[in-house]
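Subject: Structure for your review

Dear colleague,

Please find below the structure I am handing over to you. I would be grateful if you could read the notes beneath it alongside the coordinates.

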Amino acid sequence: MKSDQWVFIHAAWLTSLLTLQTFGQTRLSGSIRDETGKPVPFASVALLNAPDSSVAKGTASDQQGAYAFDNIRVGQYIVRATAVGYQKVYSTVLNVTTDPADVPVLALAEVTGKLSEVQVTAKKPFVEQQLDRMVVNVANSIVGSGSTALEVLEKSPGVTVDYQNERVQLRGKEGVIVQIDGKQTYLSAQDVIDLLRSMSSDNIETIELMTNPSAKYDAAGNSGIINIRLKKNSNVGTNGTASLAGGSGRFDRERGSLQLNHRTKKLNLFGNYSLNRGGNYWDFQLDRNQPDPSAADASRRNVISQYTDLKFRDLGQNAKAGLDFSPIKNTTIGVVWTGFWSDHSEDGPAGANFRRTASSPVYLQTQTHKTYSTVSQNQIGNLNLQHSFGQRGGQLTADVDVGHFSRQYSNSLLTQTLIAIGDVNLPGAGLLITQPATVDIRTLKADYNRPLSKGWTLETGLKSALVKTNNDLNLSRGSDGALVADPSLSNHFQYTERVNAAYVNVAGNWRKTNVQAGLRAEHTHSEGNSLTLNQVVTRDYMKWFPSLFVSRPLSSNQTLTLSYSYRIDRPNYQNLNPARGYVDPYAYSQGNAYLKPQFTHALEGRLSLKNGVFTSLGANYTTDLMYFTIHALEGNKSYVTTENLGHSQGYTLTLSWPVTVVKGWQLQANVLGYYNRFQYDYEGTVLQIQNVAGRLNGNNAFTLGHGWTAELNGWVSTPSVNGIWSTPWMGVLDTGVQKVVSSALKIKLSLQDVFHSNVFRPSVETPTGSQVGRMSLDTRVALLNLTYAFGNQKLKGERQRRTGSDDETRRAN
């Protein structure tokens, strides 16, 4: 987009703000009762925006169970009420006009009673299905305590962690955006996995899974957004929570976290810190059958057996600190800093045997000692402003974000040739790769919303994001102790990307139907520059991304929602980097500087029932499909890269329902079924691959009495195909028990992956070759966790906001 066009968009947006007519706001009130009709005092009451379930305001009921929300803008809302010892309850969709309105009485059903020495607090289920997203309540989980963010993420319905290729999938699809507190990390997929592996789950509040975001969010992410929300205490006064966890599988684990908060009428200071250290292992076996492209005889092949046995050590730390200050009634200024530090090391042997056929003798055998190290840090600072222009003027939020990521990476391979028969290409004895990398992020964002006439609302905003990455890969080879730099395989790669965006959303009620229509425009200018190869690839394009949400009550107990969005998935920066990264002397990965973004049309219909049952049917179509491909070369070597292969289409069916099996036993079941069809050109052959697969998640919560509760959670997935990769049946069972000693002290004991069944068995079938692998990690782990809350625990409504880089958390994927 030309600069004058971008100025025109800014000017048009500002003009629209100045010329809009203003309309009034109103008051919304109601009361909370129990099943007998008695008032429920001090219940937490939240006002949710109906289109996306985001929190508009929060309050608490008084001694008589009454509550009220003042200065509510015209629109569609849902009221949610929760209280200790009661199940959560939602109102129907409320169409709020300029006239004061009463919410129908919300009746809370009791789930626990008072015990002689302690009252068991009713807690949120591990998984909640909301109108537009699925929420995993990590903070309340027994089996999730003391884990890492990556381990908890893998327990989430529809989420798959591909450990071999270090990727996260949602509903069987690549291209998911992983966010931390709504902020995009802009890291490589491997760096995101390392970040989540080093992050303690005790510092996580919730994980949100959004498969079809509106135009308000960045258009990035063809399969949706995974947003990890860190804890932030919202109680008045001075208070905090401390937790310690320890345990072991084959290797030890130690985790600790601390959250602190001080809140007054005008000032809120908050902060948290967590540390995660311990060991792990990676046992990997791979059998490859591939052609020998360098042989004169086209029928000559290589049958290769490889193994890798690595031991890991991890030390991860993450911290968050900030303040919200309200100098005047309608204005809040906030500052937030978030930091992550990770030190990951691997050490162990890897070996390979080479044959011409499965029964022929070994003609080449090697053994490699691998030493791998990654030390990284990621820091993001945010300055934000939120201002309300009174009862008729709407609300403006503005954010400035500055982020910096750095990584020091080294990979050392020392190879010994044990058998070499005939004329074979022997690897060098030593190979050393070092790759310092940095990512710098700058974002500016402004959002404005206000009521229009007849119950309609307008939301509009601008955003500009600038990202610069610098990767300097240096490769040396030779004999042990005498390595020499190899300029032909080293590469210095720089990438710059600027995305300017503007959006508008209009929402309202038309003939008893809630409608939200949005349009987002994004202009992208990128430049990938290989200084070593003197290769520059520039892209400049403007795209429009419409979205539409239509929701209509079918009855007092049923609501049907239809949604559509058009999305983009830009290549992450390492996939564009043409440098090589070696797994061993015979296998490496390489980026593709000419990789193009992929685009997805997504449509979903969702039916929600008052009793908490949700079902949905979705469809998607992706063009310029980006996918990992494997190619044979140089006799017995292979490499992995990312290519634009063709297109895919998919259909998903989900069902989520809560069940009270008996008193004290709550079951939340989530079923996902999907059909995917891939059509692409692979090494000159057009392939059509179809896949029908499914996954079942079951989360059981037990109230045992006398302060004891327990969980039994698990998942099982059917065989599936994703592009050229296939996986068989998989399943995991976790269990845990908790004792509430007092209102301040909780003790949790958990056993994860009870049967050590979380073993990844990928396979690949192509027209020219095949691969079969088996990978296992130290996933069967017993953990003991102690949590202590101190200070004032009186709850107060918390400021709800999203920061400027909220939608930027992805290209780390």
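The notes below cover strand pairing first and salt bridges second. Please bear in mind that this is a predicted model.

Strand pairing

Strand β2, residues 44–49, is paired with two other strands. With strand β3 (residues 55–60) it runs antiparallel, and five bridges join the two. Within this pairing, L48 stands opposite V55 of β3. Strand β5 (residues 75–82) is also antiparallel to β2, here through six bridges. In that second pairing, V45 has A81 of β5 as its bridge partner.

Salt bridges

The model contains 16 salt bridges. Three of them are described here, with the setting of each partner.

The side chains of D252 and R313 form a salt bridge with an N to O distance of 3.1 Å. This pair links distant parts of the chain, since D252 belongs to strand β19 (residues 252–263) and R313 to strand β21 (residues 301–328), 61 residues apart. D252 has a relative accessibility of 25% and therefore counts as partly exposed. R313, with a relative accessible area of 32%, is likewise partly exposed.

A second salt bridge joins R356 and D292, whose closest N and O atoms are 3.3 Å apart. Both residues are found in loops: R356 in the one between β22 (331–355) and β23 (364–388), D292 in the one between β20 (267–291) and β21. The two are 64 residues apart, and the pair again links distant parts of the chain. R356 is partly exposed at 25% relative accessibility, whereas D292 is buried at 5%. The cut-off that matters for this contrast is 20% relative accessible area, under which a residue counts as buried.

The third salt bridge is between R570 and E522, at 2.8 Å from N to O. R570 lies in the loop between β32 (558–569) and α4 (573–576), while E522 is part of strand β30 (residues 513–530), so the pair ties together parts of the chain that are 48 residues apart in sequence. R570 is buried, with a relative accessible area of 8%, and E522 is buried as well, at 2%. These two residues also belong to a network of salt bridges with shared partners, which joins D218, K463, R520, E522 and R570.

When you open the model, I suggest beginning with this network around R570 and E522.

With kind regards

Conventions
Residues numbered from 1 in each chain as written. Predicted model: local features only at pLDDT ≥ 70, side-chain atom pairs only at ≥ 80, totals over all residues. Heavy atoms only, no water. Pairing = 2+ DSSP bridges. Helix = DSSP H or I, 4+ residues; strand = E, 2+ residues; numbered from the N terminus. Salt bridge = Lys/Arg side-chain N within 4 Å of Asp/Glu carboxyl O. Buried < 20%, exposed > 50% of the residue type's maximum accessible area, 1.4 Å probe, protein only.
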